[in-house]
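Okay everyone, thanks for coming. Let me put the structure up, and then I'll walk you through a few parts of it.

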Amino acid sequence: MGGSGQVDRRSVLRGAVAAGAAGATAVGLSGAAASPSSPSTGSGSGSGSESADGVFDFHGVHQSGILTAKQRCAAFVAFDVTAKDRAGLSALLKTLTERVRFLMAGGVPEPLGISAPPSDSGVLGPVVPADGLTVTVAVGSSLFDGRFGLSARKPKLLRPMESFPDDDLDPAWCQGDLLLQLGADNADTVAHALRDLAQHTRGAMQVRWRIDGFSSPPRPSGTPRNLLGFRDGTANPAVTDSRTMDQVVWVTPAQGEPAWAEGGSYLAVRLIRMLVEFWDRVSLNEQERMFGRAKVSGAPLDGQVETDAPRYAADPTGDVIPMDSHMRLANPRTAGSDSLRMLRRGFNYDRGTDSNGNLDMGLVFCAFQQDLDRQFIAVQKKLAGEPLVDYITPFGGGYFFALPGVRDSSDVFGSRLML
Ligand code: HEM
């Protein structure tokens with residue numbers, strides 16, 4: 001993680017927040033194509049506003065880390081809750097609230113004197129910087145299994161992630177009672193936050209799986225690239241458009257979900273390894289036809305620049321943009337396909353090499369949506385058998401529900417769930 005890249009991102013971000021609606025164009029994107037990598041404006045509702053000293057709003061109707069501009073560093077950590085009963089789960093949610101509230105704001109850790117273990121690991125120095133940290137708390141369907149008396153309160157579409165035809169799922173990398181999505185401008189801030197949360201929640205939850213991710217700086221401009229070399233996130237719905245977010249991301253009264261879930265969002269996480277050694281032997285033409293976009297510019301194959309919309313109506317048999325290209329299958333842009341849109345917020349991962357000496361890298365696919373069936377699952381089914389499946393292996397992940405936001409200093413995560 002080069003420091004200069006982060007300075008670039010932060011200065012773009014600060015300038016864009018100050019410039020209000022001009023934010024989306026500050027990174028070369030506009031209107032409908034703005035990605036969550038673009039800065040967004042607004043306040044107090046998870047909309048992604050960050051102060052000049054790297055503090056994101058913790059309190060609001062929605063959690064941060066959803067519409068928030070993607071930070072450079074991230075971790076996705078799934079936990080099994082080991083708290084014995086409902087009171088233990090309430091205490092856990094209260095502790096998580098207090099720690100995340102502190103960590104996202106930054107400050108001086110409580111001094112406990114020289115005869116006690118320090119209250120903070122100290123890895124960020126004597127003053128904990130906010131450093132663009134967001135911690136997003138989500139729950140899995142297993143939390144509603146009866147241990148905590150919550151079975152009647154489960155978000156109605158939440159369930160364990162199924163195995164899709166091209167998957168090779170490892171149960172050790174799947175599901176979880178709780179999922180934390182951490183993001184920050186630097187890797188040590190993510191690690192510090194995770195260590196703090198682990199220290200304070202000891203005995204109440206246990207790590208089930210963890211994967212660290214990163215988002216690249218624009219190369220050379222536009223949306224960051226994934227590890228297949230393509231810009232990823234281009235066609236996301238605009239996070240600055242609150243009406244669209246109410247149709248795509250947030251659970252509203254119209255979904256008929258339990259009332260406590262309003263303001264939350266379904267989160268699909270897929271851990272997808274990329275077989276990069278094979279990919280790097282595929283011709284450029286074939287790579288581009290698999291996605292339907294040009295590799296360098298990110299433009300659709302019938303366009304010039306990244307923000308151009310593909311014109312499928314003028315190419316009904318897929319001569320220019322193949323019918324089975326990833327983006328055309330995922331969103332054919334027909335009358336009914338608007339309802340399939342989701343907010344993708346994935347991160348690259350690099351875990352070194354596997355035991356055979358192959359590079360172990362890929363994508364932590366992460367998508368937020370209002371309706372798991374209508375959006376992620378419907379699109380995943382459309383992608384079954386796409387040409388790209390020969391170069392990727394989904395091996396883990398899960399379905400979660402990102403809790404509504406913590407409203408104010410007297411509120412806690414899941415307060416209405418636990419009522
Ligand atoms: C390693 C796996 C994947 C890679 C490398 C990948 C890469 C890409 C790329 C390069 C694009 C075009 C640029 C953009 O609009 O972002 C794209 C678009 C998209 N992808 Fe993926 N993707 C992967 C997995 C998935 C999965 C699992 C889903 C959902 C089930 C998905 C859903 C979409 C959607 C909805 C679009 C936008 C289509 C549009 O509106 O034009 N992708 N992806």
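So, what share of the residues in the protein chain is buried? The chain has 419 residues, and 54% of them are buried. Keep in mind as we go that this is a predicted model.

For the overall layout, the chain has nine helices and nine strands. If you take the contacts with a separation of 6 or more, 75% of them are between residues 24 or more positions apart.

Let's go to the core. The largest nonpolar core has 74 residues. The ones that touch the most other members are Leu89, Leu178, Leu180, Leu182, Phe376, Tyr399 and Phe413. Helix H3, residues 86-105, gives the largest share of this core, with seven residues. There's also another core, apart from that one, with 26 residues, and you'll find Ala74, Ile211, Leu271 and Tyr349 among them. As background, nonpolar side chains tend to be buried together in soluble globular proteins.

Take Leu178 as an example. Leaving out residues up to four places away in sequence, Leu178 touches Val77, Ala78, Phe79 and Val81, and also Leu92 and Leu96. Its partners further include Val137, Ala138, Val139 and Gly140, plus Met205 and Phe400.

Now the ligand. How many residues surround the ligand? There are 25, and the closest are Gly233, Ala235, His326, Asn331 and Arg333. By class, that shell splits into 14 nonpolar, six polar and five charged residues. Strand S5 (265-274), H8, strand S8 (359-369) and helix H9 (373-382) each put at least two residues into the shell.

A few distances to ligand oxygen atoms, if you want to zoom in. A polar backbone atom of Thr234 is 3.0 Å from a ligand oxygen. For Ala235, again a polar backbone atom, the distance to a ligand oxygen is 2.9 Å. With Asn331 we're looking at a polar side-chain atom, 2.9 Å from an oxygen of the ligand.

While we're on S8, have a look at Asp360, which sits in that strand. Is Asp360 buried or exposed? Its relative accessible area is 7%, and the cut-off for buried is under 20%, so Asp360 counts as buried. Beyond its sequence neighbours up to four places away, Asp360 touches Arg273, and then Tyr349, Asp350, Arg351, Gly352, Thr353 and Asp354. Tyr349, you'll remember, came up as a member of the 26-residue core.

Next stop is helix H7, residues 284-291. Which residues of H7 are buried? They are Gln287, Glu288, Met290 and Phe291. These four span an arc of only 155° around the axis, so they lie on the same side of H7. Their cover includes helix H6 (276-279) and helix H8 (326-330). And H8 is one of the elements we just met in the ligand shell.

Step off H7 and you hit Gly292, which has a positive phi of about 90°. Further along, the loop between H7 and H8 holds another glycine, Gly298. Gly298 counts as buried because its relative accessibility is 3%. With residues up to four places away in sequence set aside, Gly298 touches Arg231, Arg293 and Glu306. And how far apart are Gly298 and Thr223 in sequence and in space? They're 75 residues apart in sequence, and their C-alpha atoms are 8.4 Å apart.

That's my tour. Who wants to start the discussion?

Note on methods. Residues numbered from 1 in each chain as written. Predicted model: local features only at pLDDT ≥ 70, side-chain atom pairs only at ≥ 80, totals over all residues. Heavy atoms only, no water. Buried < 20%, exposed > 50% of the residue type's maximum accessible area, 1.4 Å probe, protein only. Arc of directions from axis to C-beta. Contact = heavy atoms within 4.5 Å. Near = heavy atom within 4 Å. Polar contact = N/O pair within 3.5 Å; in protein donor to acceptor, adjacent residues only side chain to side chain. Nonpolar A, V, L, I, M, F, W, Y, C, P; charged D, E, K, R; others polar. Core = buried A, V, L, I, M, F, W, Y, C linked by side-chain atoms within 4.5 Å.
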